[in-house]
Amino acid sequence: MAVITLDNPPLNGLNHELRAGLVAGIDRASADAGVKAVIIIGAGRAFSSGADIREFNTPKSTAEPTLRSVIRVVEANAKPVIAAIGGICMGGGLELALGCHFRVASPGAKIALPEVKLGLLPGAGGTQRLPRAIGVEPALNMIVSGAPVSSEQFKGTRLIDEIIEGSLANELLQGALAFARKVVAERRPLARLRDVNIDFPNADAFFQFARNTVGPLAKNFPAPLKCIDAVAAAVSRPFDEGLKFERELFTQLVQTPESRALRHAFFAERAAAKIPDVPDNTPPRKIANVAVIGAGTMGGGIAMNFLSAGIPVTILEMKQEALDKGVATIRKNYEGSIKRGKLTPEKLEQNIALLKPTLSYDDIKTADLVIEAVFEDMSVKQAVFEKLDAVAKPGAILATNTSTLDVNRIAAFTRRPQDVVGMHFFSPANVMKLLEVVRGEKTAKDVLVAVMQVAKKINKTAVVSGVCDGFIGNRMIEQYLRQAMFLLDEGASPQQVDRALERFGMAMGPFRMSDLAGNDVGWYIRKRRYVETPNVVYSKIADRLCELGRFGQKTGLGWYRYEAGKRDAIPDPAVDELIGRYRKAIGTVPRKIADAEIVERCILALVNEGARILEEGIAQRASDIDMVYLTGYGFPLYRGGPMLYADMLGLYNVVRSMARLAENAHADPAFWQPAPLLAKLAAEGKTFNG
Ligand SMILES: NC(=O)c1ccc[n+]([C@@H]2O[C@H](COP(=O)([O-])OP(=O)(O)OC[C@H]3O[C@@H](n4cnc5c(N)ncnc54)[C@H](O)[C@@H]3O)[C@@H](O)[C@H]2O)c1
């Protein structure tokens, strides 16, 4: 028996070296008369996870032998080739296994074709061989969903010839060897999946039904429907033609902006976890228990994240009443999850048991991490941080959830600024994925590493931001909202602006979003801006709205009106009148504004501020900005974030559009001065994302 071991940690990604090694191994085994059968097995905890992501988009990924060539060699081999599948067997790894003549697996091995999640389809025969192995409908489900299925579910199908009991790698190998000996002794004919005939009556009706079901769910993503086309070809075409067709579809999908966006997001998420000047092996500070100061909207949600992850939380308030209210809200939110079937009553009790409400700072002396979420007022923050400095144990991490205040100033209220960091959660904090980790001037590296790691534990996407007003996300949204307001001045209605941006793909248009967040928040910030930066031009339209107390959903009236207990934004003629009066007062004649102009102005406003943030080093990389927008601001995933969107438009074109917008600007031509970095990259023909 020849044993070929795939060994490319961590998950045996099929990089060029591994592919070439596989072919060499097969050649050696077939030349050796003493070898009767070949076993392919993975080292470590995977058979293979598929393509090696480190090789993505490099010439090596398409260099021969490609995975398709490897599979051809394996499948054509005259001696039996057996895949011994343990752990993870996904994507190209599964396609390789499908090219083998036999397959054995450990129980619980995770089998999947997840390409659809990157906007692709399996491009090395997966769509043609899997239906032949497990049947058309189960194969279609796996390919369209990308979801993993446990190996023992395939008992009795051609996919798995034998489940090898036991969980040790050696047991799998021994079982595979025994299986191979059996194959040789019984002179079993080589079972090539390509030779299996698919008998599937009523295929047309079946695939039509599948398209009708998947189409509306897939919405803006083309890959799921192409997956259906590919599987349909497995039924309707001879094997080799099906393979060719699969390849054509794959090539088409690789070039779609949607796939590019999904692949970008996949890499962006991994990149965001890395901090260039902080080595991966920096030992983090331990975080085994947490204290939250303030049990309001944010404090309660923040606490829930840790409780759900099994981390004990002490929550501190000034008054018993506020404390009781905060704890009751936490329980109520968990009960909501039970109603939606997302939580069991037992887990609720477990979570609540980890929560310790208190009015005394004595109870937080042992906390490893303290997160402050009190009123957004520097003097209140000062009082809290001075107190924390006095009571927290040495080395405790002191975090602030401030949205707008200077983290360096907050750090300076303590004698241990190196222990202070921003942890900017988004509302509702128990739901939103994004966490901006605000790195102060003096924040220690092991603090950053600890916070990034704990973020992962509580299932957040953490992005590092430097200190500036608004950090990454809110600093950009301010410019987006400024444009949205100018559009009202010039002739658009809140509904039109919202609709245009929602059609573009934003989860919520700017006016619905402002009503949700509270219009008073922006008003408060603008009032500060009028004093601090008097030269920056703002439309005053939102101020007029706020002067009427129309703060949004919480007051039932904002840019829309809301009926009690409902979230529907209902257009309100009173707002149209207000806008009409405002236009008269500033002397503008409303014009008809195209949806395309709305999208262009609002999104390019994000892009330009994003470029400044990047240039100033507030964001570590362009893809971090995209992550902030994808996970915290409802930017459409299929567009990959504002910076990738700009890259796809072409920065040269972006700069030209800005010049045109400046020429036609109604209120503030200077707004469209391209950020120096944007101008530079455009001139050099480069992109934000490299
Ligand atoms: N609401 C949001 O959308 C949002 C989003 C991100 C960040 N933030 C930030 O989070 C912080 C809290 O905001 P919020 O919306 O939860 O406010 P909130 O008013 O709902 O809650 C603040 C809580 O802190 C308590 N508190 C005030 N002073 C205290 C003190 N000295 N000691 C202990 N408790 C004290 C109050 O009793 C109140 O329960 C602010 O810094 C805010 O900027 C808010």
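How many residues surround the ligand, and which are the closest? In this predicted model, the ligand is surrounded by 22 residues, and the closest of these are Met 298, Glu 317, Glu 376, Lys 381 and Asn 401. Polar side-chain atoms also face oxygen atoms of the ligand. For Glu 376, the distance from such a side-chain atom to a ligand oxygen is 2.5 Å. Thr 297 places a polar side-chain atom 2.9 Å from an oxygen atom of the ligand, and in Ser 403 an N or O atom of the side chain is 3.1 Å from a ligand oxygen.

From the ligand, the description turns to the sheets. Five strands, in the order 1-2-4-6-9, make up an open sheet with parallel pairing. Strand 1 (2–6) and strand 9 (162–163) are at its edges; each has a single partner strand, and therefore one side of each lacks a neighbour in the sheet. Within this sheet, strand 4 (residues 81–85) and strand 6 (residues 102–105) run parallel and are joined by 4 bridges. Ile 82 has Phe 102 as its bridge partner in strand 6. Helix 6 (residues 169–185) lies across strands 1, 2, 4, 6 and 9, and runs at about 160° to strand 2 (38–42).

Further along the chain is strand 16 (residues 434–438), which has bridges to strands 15 and 17. Strand 15 (residues 420–425) runs antiparallel to strand 16, and 4 bridges join the two; here Gly 422 has Val 438 as its bridge partner. Strand 17 (residues 461–465) instead runs parallel to strand 16, with 5 bridges between them, and Leu 434 is bridged to Thr 461 of strand 17. Between strands 16 and 17 the chain passes through helix 16 (residues 445–457), forming a right-handed β-α-β crossover.

Is strand 16 buried or exposed? Of its 5 residues, 5 are buried, so the strand is largely enclosed by the rest of the structure. In a regular strand, side chains alternate between the two faces of the sheet. In strand 16, Leu 434, Glu 436 and Val 438 point one way, whereas Leu 435 and Val 437 point the other way. The residues on both sides are buried, including Glu 436.

A contrasting setting is found at Arg 340, in the loop between helix 12 (320–339) and helix 13 (345–353). Arg 340 counts as exposed because its relative accessible area is 55%, and the threshold for that class is over 50%. Arg 340 is separated from Arg 19 by 321 residues in sequence and by 47 Å in space, C-alpha to C-alpha.

Notes: Residues numbered from 1 in each chain as written. Predicted model: local features only at pLDDT ≥ 70, side-chain atom pairs only at ≥ 80, totals over all residues. Heavy atoms only, no water. Buried < 20%, exposed > 50% of the residue type's maximum accessible area, 1.4 Å probe, protein only. Pairing = 2+ DSSP bridges. Right-handed = clockwise from strand over helix to strand, strands pointing away. Contact = heavy atoms within 4.5 Å. Axes fitted to C-alpha atoms, helices over the stretch in contact; angles between N-to-C directions. Near = heavy atom within 4 Å. Polar contact = N/O pair within 3.5 Å; in protein donor to acceptor, adjacent residues only side chain to side chain.
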